[in-house]
Amino acid sequence: MVKSVSKKSFEEYSLNSIFFENTDLNQADRALIKKAYDFAELAHRGIKRKSGEPYFIHLVATAKNLAFLGMDGTVIAAGLLHDSIEDGVATEEQIKKEFGNEIAFLVEGVTKLGHVRFKGMRRHNESLRKLFVATSKDIRVLIIKFADRIHNLETLKFIETPEKRKRIATESLEIYSPLAYRLGISAFSKRLGDLAFPHVMPEEYKRVKEILKERSKENVKNLEQFRRSISKKLAENKIIDFKITHRVKTLVALYKKLIKNDWNDEKIYDIIALRIMVKDIADCYQVLGIIHKNFKPMIGRIKDYIAVPKLNGYRSIHTTIFTGHGGVIEVQIRTERMHQEAEYGIASHLSYKAKTVGVEGIRKNQKDWVSKIFGMFSKNSNSFTIMEESKKENEEDNHKWIHDLAICSDRPEEDDFEYHLKEDFFSDRIFVFTPLGEVIDLPVGATPVDFAYHIHTAMGETITGAKINDNFKSLDTVLKTGDIIDILAKKGATPNIKWLEFVKTSMAKRKIRAFWERKKREN
Ligand code: MN
């Protein structure tokens, strides 16, 4: 029955097109995927995408992205089903009955995440990223959302409203791509970024693309020559087991670097980098030695991310050398395993292969992975830069956390699963929005008064009412994640001492007390 599947022997959106992306899927996984495939086809029958294509195509595309990442049957099935309630005719009960609680949970998570919207306040991006992680609850939900978003970006041109196109693209660039990067899934991070970039900054995109084209032309010739001479040197030194490839910098990464360098691309040496893959770490250092012995390295450009991995777990040795023909090139040295991790990150541990080998260790509290994604979460880490700075403090368990991440989000046992469902790792915080879409995080139980004081003392002191999601509510209303709060304030109004009975933040308490003590003294 099983025929050898060649690339062309199946339709683009057939069941086999999914299996082709992950050839390690076992019989049970394939059966589960087939069931979800048929279910999704039925649930979306007759429904069309904006492009005029059958909606079902979007689900297969999502599933293929997940299979490409090495995900198992559960995740791929959830990917196929992710829109069947919102955009199809299925119900949550049907999914639970047909596919069980775990898949229903993943589908529900993706749906919920779809309701969290980017509202365009740059300085609050870090809070928004936290909100996305908090909402997704299970790392697999995020991964499905990435896969979904990639296809949405691929078909973004069919969305008619320019504002909507821009919102989706900006959200992908500012939230999804960085999150995927932080999870180490650079394969997804790069695609999300480069697909979104032209929609967010069309002019800059053109300019970067032009520079890349120019530089690639001159580089490729050098590259081939250099590849041959390195291969020769490695062979002379008895290193036989190696692979040399090259990678081109993504447009988004190049754009960021160009901005830093005032659009002067001459000082950017890693637009195209040579990649040498060897069998173990010892070989990595030996190759580095051989290269430095034969080519002069550029001072200050040797980075050992094997000894000191990046915060997202990335490992590799980077060095920039003079090729001897007037050229300069970056060389990256790593093992095959490091390469897998660099491309697929957390997903490479969650993946099918890792699973069949068995992941040993203790399941950790989900709180751990959330805080690790966000570095020094409890401190004032409101931006990526602080993350980068705190990198050194995190060095030691850098690599371990990816592993931990994988364990805690690995397919849970039935009992465990229920446990994790109830356990909300963001149980102590809520995330609400200002009318302008800024994300404010507050402790659970916080009220409009806490919110007002959080924005500004003057606003707290003069608050007279609040609209929550467009409805007038009392000042002691307990806020919940996702609420949009519009504070009504009146000049000359004063805080009420009774507010102390319900406010949650210590700041609000302190400010209310201070106001009344001041009043007393004045009397
Ligand atoms: Mn979708």
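## A glycine tucked into a strand

Let's start with one small residue. Gly465 is buried, with a relative accessible area of 10%; the cut-off for buried is under 20%. This glycine belongs to strand β8, which covers residues 463–468. Keep in mind as you look around that the model is predicted.

Which residues does Gly465 touch, leaving out those up to four places away in sequence? They are Leu475, Asp486, Ile487 and Leu488. Take Leu488 as an example: Gly465 and Leu488 are separated by 23 residues in sequence, yet their C-alpha atoms lie 5.0 Å apart in space.

## A lysine out in the open

Now for a contrast. Lys491 sits in the loop that runs between β10 (485–489) and α23 (506–522). Is Lys491 buried or exposed? Its relative accessibility is 84%, and the cut-off for exposed is over 50%, so Lys491 counts as exposed. Measuring along the chain, Lys491 is 29 residues from Thr462, while the C-alpha to C-alpha distance between the two is 6.2 Å.

## The whole chain

Time to step back. The protein chain has 523 residues, and 52% of them count as buried. Its secondary structure comes to 23 helices and ten strands.

The chain also brings distant parts of its sequence together. Of the contacts with a separation of 6 or more, 69% are between residues 24 or more positions apart. On the outside, the chain exposes about 25,800 Å², and carbon and sulfur atoms supply 53% of that area.

## The manganese site

Which residues coordinate the manganese ion? There are His58 and His82, each through NE2, along with Asp83 and Asp148, each through OD, at 2.2 to 2.3 Å. Along the chain, these donors follow the spacing H-x23-H-D-x64-D. His58 in helix α3 (residues 56–68) and Asp148 in helix α7 (residues 139–154) are 90 residues apart, so this pair links distant parts of the chain.

Both ends of that pair are covered by protein. His58 is buried, with a relative accessible area of 1%, and Asp148 counts as buried too, at 4% relative accessibility.

## Two helices that meet α11

Two packed helices are described by the angle between their axes and the distance between the axes. Try this on helix α10 (residues 202–236) and helix α11 (residues 251–260): they pack at an angle of about 95°, with axes 10 Å apart. That makes α10 roughly perpendicular to α11. On the α10 side, the contact is made by Glu204, Tyr205, Val208, Lys209, Ile211 and Leu212, and on the α11 side by Leu251, Leu254, Tyr255 and Leu258. Sorted by class, this contact has eight nonpolar residues, two charged ones and no polar ones.

Helix α9 (residues 186–200) also packs with α11, at an angle of about 65° and with the axes 8 Å apart. Therefore α9 is roughly perpendicular to α11. Here Gly193, Asp194 and Phe197 of α9 meet Leu251, Val252 and Tyr255 of α11. The classes in this contact are four nonpolar, one polar and one charged.

## A mostly covered helix

One last stop is helix α21, spanning residues 448–455. How many of its eight residues are buried? The count is six, and the helix is mostly covered. Those buried residues are Pro448, Val449, Asp450, Phe451, Ala452 and Tyr453.

Technical notes. Residues are numbered from 1 along each chain as its sequence is written. This is a predicted model: local features need pLDDT of at least 70, side-chain atom pairs count only at pLDDT 80 or more; totals for chains, interfaces and linings use all residues. Side-chain values use heavy atoms; hydrogens and water are left out. Helices (H or I, at least four residues) and strands (E, at least two) are DSSP runs, numbered from the N terminus. Buried means under 20% relative accessible area, exposed over 50%, partly exposed in between (1.4 Å probe, protein chains only). Contact means heavy atoms within 4.5 Å. Accessible areas come from the Shrake-Rupley method with a 1.4 Å probe; for residues, only the protein chains shown count as cover. Donors are N, O and S atoms within 2.8 Å of the metal (3.2 Å for Na, K and Ca); water is not among the atoms, so sites may look incomplete. Axes are lines fitted to C-alpha atoms, for helices over the stretch in contact, and angles run from 0 to 180 degrees between N-to-C directions. Angles under 35 degrees count as roughly parallel, over 145 as roughly antiparallel, 65 to 115 as roughly perpendicular and the rest as oblique. Ala, Val, Leu, Ile, Met, Phe, Trp, Tyr, Cys and Pro count as nonpolar, Asp, Glu, Lys and Arg as charged, and the others, Gly among them, as polar.
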